[in-house]
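Let's take a walk through this structure together, with the coordinates open beside the text. We'll begin at a pocket and work our way inward from there.

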Amino acid sequence: SFHHFTILSDFFSSFSFSLIARFRAGSYISGAITEIFRRQRKMTGSLLSRLILRRSSQQQNRFIWQRGISQSAAERTKDSLPAEPPVLPAFDHVPSPYSGPSGSDIIAKRREYLSPSIFHSYKTPLNVVEGKRQYLFDENGRRYLDAFGGIATVCCGHCHPDVVAAIVEQTKKLQHSTILYLNHAITDFAEALASKLPGNLKVAFFTNSGTEANELAMLIAKLHTGCNDIISIRNSYHGNASGTMGATAQSIWKFNVVQTGVHHAVNPDPYRGIFGSDGEKYARDVQDIINFGTFGNVAAFMSESIQGVGGIVELAPGYLSAAYDSVKKAGGLCIADEVQSGFGRTGSHFWGFEAHGVQPDIVTMAKGIGNGIPLGAVVTTPEIAKALTHRNYFNTFGGNPVCTAAGLAVLKVIEKEKLQDNAFVVGSHLKERLNALKDKYEIIGDVRGKGFMLGVELVTDRELKTPAKEETLHVMEQMKDLGVLIGKGGYYGNVFRITPPLCFSKEDADFLVDAMDYTLSRI
């Protein structure tokens, strides 16, 4: 029966990788040997696939029912089920031999010495020991396509030689001093960053993370306006400190601590929202909050251009411009949280807010700004920046010469290698192929996002939009086994977050979709 073949497939898969693990205990498994085992596994999968496809029509109908996919959809896809697992694109890099602690040893130490709040992906978490461009390598030398990019952080590619060289060169000269002394690294980067922003957004204050940047932006807005009320959007994520946790609007990311002065507007979600794609109707709630939840004036309105942690949710067209109008009339500032969507990730624009035709008063950024270096920034106008001069404000590591040297190198690589253009071209191709999967599988409820910030939402019922949480975890596990790493997000944990390095190729995109296709066909 099909059930028996599934068990047999799992047995061969586990057997192949258990052999690798045993070899690993005695010596390092080179990339070449690992590839042999992968091909052996592929041959096994191919044999099983041919046997499975020969099952009777009655068995096929029973399997379709178990998958929760309608018969009509199954009829459209049954003749195009992928027979064999896809193969990773060729890549000319052999990882260095690894002789460090095993994954199981690291897990044991994490449990003993690190906070229990730290969690990991996958039932058996990856021990990642090396990265190169858009690929990661585990302790056994196995290669994985990184389609998560360290949570939308690695933009130039892992260990990009230009970024590494800038870090090493600056570290050899001066690793740290203080911004109380002069150093050209911070001013060089600030000038280059200002050139990427519109209007009079030219004054930067550097931080170590996106949370710090958003905290500072909220503080500046309150000081500049003399008001305390902040408006953010439901389902948003802005950080995990006291102020940003208040602005964050998902209970799963909030603790029971005092969070005052924050109002959460209705989420302009075209897929799950009450007004569909009518942005102006959603924006009326911002005005209602000002009218009925404040004294008529506010400090700021903060929003992501595309909600990242919330499940790659694009804001309904026309929403941001209407919301900005209401906030500005109430004396408030508009803060664009570009922590995930900035630095060319959306492809069509360098900053996500530009696609909405708006001009923010403050822009916050992190993640892709340093390609993995702890670096964040708040950029605003000279007038608004004066708000911090009324008292002393200081950040010991903000503007560190090594971090800002890395940031400048990142900007140069994005420009030199035309990574924003690549995000647009390859990202558009990837989204088109993902939409084709949506037409093929009823379990895909929505495909959304721009460039290399894409989301795929799984549901068990398209009409009710019931979150397919268990299925999402299953597909992630199976795709990892095929060599693809993707993220997970959304309040219900049923959205794939696809945020790869911006050097992701068309072949990588095709492999990702083929792996998802192969996995979904076997749910």
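Which classes of residue make up the lining of the second largest pocket? It's a mix: nine polar residues, eight nonpolar and five charged. That makes 22 lining residues in this pocket, and those nearest its centre are Asn235, Asn267, Asp269, Arg272 and Tyr492. The space inside comes to about 390 Å³. One thing to keep in mind while you look around is that this is a predicted model.

Now zoom out for a moment. The protein has 523 residues, and 52% of them count as buried. Its secondary structure consists of 17 helices and 18 strands. The contacts reach a long way along the chain, too: take those between residues at least 6 apart in sequence, and 75% of them join residues at least 24 apart.

On to the interior. In soluble globular proteins, nonpolar side chains tend to be buried together. Here the largest nonpolar core has 97 residues, and the ones with the most contacts inside it are Leu193, Phe301, Tyr319, Met365, Ile486 and Leu512. The biggest contributor to this core is helix H14, residues 401-416, which supplies nine residues. There is also a second, separate core of 19 residues, with Cys227, Ile230, Ala247 and Ile362 among them.

Leu193 is a good place to stop and look around. Setting aside neighbours within four places in sequence, Leu193 is in contact with Phe206, Phe343, Trp351, Met365, Ala377, Val379 and Leu411. Follow the last of those partners and you land in helix H14, where Leu411 sits. Is Leu411 buried or exposed? Its relative accessibility is 6%, so Leu411 counts as buried, the cut-off being under 20%. Beyond four places in sequence, Leu411 is in contact with Phe189, Ala192, Leu193, Lys196, Phe343 and Phe350. Ala192 shows how far along the chain such a pairing can reach: Leu411 and Ala192 are 219 residues apart in sequence, yet their C-alpha atoms are 7.8 Å apart in space.

Strand E4, residues 203-207, is the next stop, and Ala204 is found there. With a relative accessible area of 28%, Ala204 is partly exposed, because that label covers the range between 20% and 50%. Outside its neighbours within four places in sequence, Ala204 is in contact with Val378 and Val379. Val379 should ring a bell, as Leu193 is in contact with Val379 as well. Ala204 and Thr187 are 17 residues apart along the chain, with 9.5 Å between their C-alpha atoms.

Next, helix H17, which runs over residues 506-520. Why does its length look right? At 1.5 Å a residue, its 15 residues should span 21 Å, and the end C-alpha atoms are 21 Å apart, so the two agree. Helix H17 is also mostly covered, with twelve of its 15 residues buried. Those buried residues include Leu512, which you met among the residues with the most contacts inside the largest core. Nonpolar residues aren't the whole story, though: Asp508, Asp510 and Asp517 are among the buried residues of H17 too.

Two residues are worth a look for their backbone angles. Ile151 has a phi near 65 degrees, a positive value in a residue other than glycine. Ile151 is placed in helix H6, residues 149-152, and at 34% relative accessibility it counts as partly exposed. Lys367 isn't a glycine either, and its phi is positive at about 45 degrees. You'll find Lys367 in the loop between strand E11 (362-365) and strand E12 (376-380). At 22% relative accessibility, Lys367 counts as partly exposed.

Let's finish with two more loops. Asn240 has its place between strand E5 (230-233) and helix H10 (242-247). Not counting residues up to four places away in sequence, Asn240 touches Thr211 and Met245. Asn240 and Gly210 are 30 residues apart in sequence, and their C-alpha atoms lie 9.7 Å apart. The other loop, between helix H4 (71-77) and helix H5 (103-113), holds Pro97. At 65% relative accessibility, Pro97 counts as exposed. The C-alpha atoms of Pro97 and Glu139 are separated by 8.5 Å, with their positions 42 residues apart along the chain.

Terms used
Residues are numbered from 1 along each chain as its sequence is written. This is a predicted model: local features need pLDDT of at least 70, side-chain atom pairs count only at pLDDT 80 or more; totals for chains, interfaces and linings use all residues. Side-chain values use heavy atoms; hydrogens and water are left out. A nonpolar core is a set of buried Ala, Val, Leu, Ile, Met, Phe, Trp, Tyr and Cys residues joined through side-chain atoms within 4.5 Å. Buried means under 20% relative accessible area, exposed over 50%, partly exposed in between (1.4 Å probe, protein chains only). Helices (H or I, at least four residues) and strands (E, at least two) are DSSP runs, numbered from the N terminus. Contact means heavy atoms within 4.5 Å. On a 1 Å grid over the protein atoms alone, a cavity is a set of points where a 1.4 Å probe fits but cannot get out, and a pocket is an open set with protein on both sides within 12 Å along at least five of seven lines; lining residues have an atom within 4 Å of a point. Grid points are joined across faces, edges and corners, and a volume is the space filled by probe spheres set on the points. Ala, Val, Leu, Ile, Met, Phe, Trp, Tyr, Cys and Pro count as nonpolar, Asp, Glu, Lys and Arg as charged, and the others, Gly among them, as polar. The expected span of a helix is 1.5 Å times one less than its number of residues.
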